[in-house]
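Biologist: Before we look at particular residues, I would like to learn how to read a fold from its contacts, its sheet and its buried side chains. Could we go through the features in turn?

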Amino acid sequence: MGERDALHKEGCVLERELAVFRSQRFRKPAKQRPYYAPEERAEILQVMRLRGWSAKEAGERFVVHPNTIRNWQKAINDKLKSDQLIGGPPWNGLHDGVRWLIQEIRQVFPEPEFGTRTIARHILRAGIQVSRTTIRRVLQENAPNPRKRDAEPAHVTEASPHVQHPRSPNQVWHLDITTLRVLWKKFEIAAIVDVFTRKIVALRVFGKRPGTSDLARVVEQAVGEIDAPPRFLVSDHGSQFRRRFHRRIESGGSTHIRCQVQTWHLNAKVERVFRDVKDWAKRSSLLPREESIQQRLDAFRDWHNDFKPHAVHGTLTPSEAERRAPPRDTMRYFQKGGVEPRIRVHWRSVRGDPRLCYPVIRVAEHPKQAA
């Protein structure tokens with residue numbers, strides 16, 4: 001009798017606890033109520049049979065419409081309509097293998113610069129058709145999406161179309177310098193970026209502020225690697241880019257253009273590269289020595305040019321855009337499609353730098369066997 005009273009008390013307390021959850025669910029609109037998974041649907045039907053409840057009683061207990069319970073019962077009796085009970089995937093649902101690939105890449109590359117666009121480009125290079133919005137939905141289906149306040153439009157100075165939008169590689173180069181702090185020391189980084197391909201033509205480190213001769217020598221070495229000078233070389237109004245630098249560049253066969261004051265967008269390509277370099281340096285253990293930093297910058301340059309797809313060329317890397325490589329054909333895999341993709345992914349790094357990794361995705365197609 002003591003055990004019976006204890007169980008009776010426990011049952012009453014559990015019933016009060018369930019009443020609280022049930023009342024909270026009743027107050028929500030039907031579209032906002034929690035979704036029952038296929039396993040939970042089967043469990044509800046089993047409890048309903050053990051209790052001897054009707055569809056109406058089961059619907060009241062689990063806050064489900066009685067017709068929904070009746071549809072689940074019909075699905076059990078009719079095997080052809082089993083998807084109504086187990087919740088079969090939609091005909092255009094993304095394949096689970098592709099969803100796993102997206103999650104796997106995000107776990108290995110959590111860095112901010114490896115965003116949804118970069119993930120989409122690497123997957124497209126493997127031949128799998130997927131969009132940035134699909135990747136964002138897979139990664140953040142329930143995450144809030146706060147709207148950013150639109151910034152006020154800045155004053156834009158127009159430049160010549162053949163300077164802003166060249167149509168061939170090595171036609172327009174951008175040159176600029178920035179400061180990089182490594183531990184207690186400051187270094188100066190000079191970069192040359194090709195506007196058409198977004199390729200880093202040169203990336204040099206200096207222990208102190210470079211002068212006109214130093215930057216002119218960087219340009220001459222970059223020209224020697226391609227055996228042809230660019231048509232235009234764009235820089236800002238720094239003290240290094242004045243008359244002596246202008247005459248030296250003009251003597252090499254290029255036209256030197258200096259951006260107007262407060263028109264940073266005309267030289268934005270190289271500024272974007274500097275942002276990537278600084279983000280990479282923050283998470284890398286660099287030694288405050290000029291030779292060590294130059295070796296690491298050479299690895300960053302190889303990674304950027306050979307393994308990082310750029311948005312302006314879709315899925316192509318800057319080196320592939322320079323070779324005029326054709327775009328890759330892609331295929332969209334559906335959960336209910338006739339082809340089963342076998343996806344394998346492994347990671348490689350450039351010169352052993354764990355911060356300069358890139359995914360290598362292999363896809364093999366096999367026809368699905370009928371159930």
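Modeller: Let us begin with contacts: two residues are in contact if they have heavy atoms within 4.5 Å. The model here is predicted, and in it residues 24 or more positions apart account for 61% of the contacts in the chain with a separation of 6 or more. The chain itself has 14 helices and seven strands, and 38% of its 371 residues count as buried.

Biologist: How should I read the sheet, and in what order do the strands of the open sheet lie?

Modeller: For a sheet, one lists the strands in their spatial order and then takes the pairings one by one. This open sheet has five strands in the order 3-2-1-4-5, and its pairing is mixed. Its edges are strand 3 and strand 5 (255-258), each of which pairs on one side only, and the twist from one strand to the next averages 25°.

Biologist: Which pairings are antiparallel, in the case of strand 1 and strand 2 and of strand 2 and strand 3?

Modeller: Strand 1 and strand 2 run antiparallel and are joined by 10 bridges, with Asp 176 standing opposite Ala 191 in strand 2. These two strands form a hairpin with two residues between them, and Leu 183 in the turn has a positive phi of about 55°. Strand 2 and strand 3 also pair in the antiparallel sense, over six bridges, and here the bridge partner of Ala 191 in strand 3 is Leu 203. They too form a hairpin, with five residues between the strands and a positive phi of about 65° at Arg 198 in the turn. Strand 4 (residues 232-235) pairs with strand 5 in the parallel sense over four bridges, and Ser 235 stands opposite Arg 258 in strand 5.

Biologist: Which helices pack on the sheet or lie across its strands?

Modeller: Helix 10 packs on the sheet, where it touches strand 1, strand 2, strand 3 and strand 4, and its direction makes about 145° with that of strand 3. Helix 12 lies across strand 1, strand 2 and strand 3, running at about 25° to strand 1. As for cover, strand 2 has eight of its 10 residues buried.

Biologist: Is Thr 212 buried or exposed?

Modeller: The test is the relative accessible area, and a residue counts as buried under 20%. Thr 212, in helix 10 (residues 212-226), has a value of 14%, so Thr 212 is buried. Leaving aside its neighbours within four places in sequence, Thr 212 is in contact with Ser 239, Gln 240, Arg 244 and Phe 245.

Biologist: How does one recognise a nonpolar core, and which elements contribute to the largest core here?

Modeller: In soluble globular proteins, nonpolar side chains tend to be buried together. The largest core here has 25 residues, of which Ile 189, Leu 203, Trp 280, Leu 297, Phe 300 and Leu 356 touch the most other members. Strand 1, strand 2, strand 3, helix 12, helix 13 and strand 7 each give two or more residues to this core, and the largest share, six residues, comes from helix 12. Leaving aside its neighbours within four places in sequence, Leu 356 has contacts that include Trp 280, Phe 300 and Trp 303.

Biologist: What should I check in helix 13, and against what do its buried residues pack?

Modeller: One check is length: at 1.5 Å a residue, the 17 residues of helix 13 should span 24 Å, and this agrees with its end C-alpha atoms, which are 24 Å apart. Among its buried residues are Leu 297, Phe 300 and Trp 303, and the buried residues of the helix pack against elements that include strand 1, helix 12 and strand 7.

Biologist: How many aromatic pairs are there, and how does one judge their geometry?

Modeller: Ring centres must lie within 6.5 Å, and planes over 60 degrees apart count as edge-to-face. By this rule there are six aromatic pairs. The rings of Tyr 36 and Trp 72 have centres 6.5 Å apart and planes at 85°, so this pair is edge-to-face. Tyr 36 lies in the loop between helix 1 (2-26) and helix 2 (38-51), whereas Trp 72 lies in helix 4 (residues 66-77), 36 residues apart. Both Tyr 36 and Trp 72 are buried. Trp 280 and Phe 300 form a tilted pair, 5.3 Å centre to centre with 35° between the planes, and ring pairs link Trp 280, Phe 300 and Trp 303 into a cluster.

Note on methods
Residues are numbered from 1 along each chain as its sequence is written. This is a predicted model: local features need pLDDT of at least 70, side-chain atom pairs count only at pLDDT 80 or more; totals for chains, interfaces and linings use all residues. Side-chain values use heavy atoms; hydrogens and water are left out. Rings of Phe, Tyr and Trp (its six-membered ring) pair if their centres lie within 6.5 Å; planes under 30 degrees apart count as stacked, over 60 as edge-to-face and the rest as tilted. Buried means under 20% relative accessible area, exposed over 50%, partly exposed in between (1.4 Å probe, protein chains only). The expected span of a helix is 1.5 Å times one less than its number of residues. A nonpolar core is a set of buried Ala, Val, Leu, Ile, Met, Phe, Trp, Tyr and Cys residues joined through side-chain atoms within 4.5 Å. Two strands pair if DSSP finds at least two bridges between them. Axes are lines fitted to C-alpha atoms, for helices over the stretch in contact, and angles run from 0 to 180 degrees between N-to-C directions.
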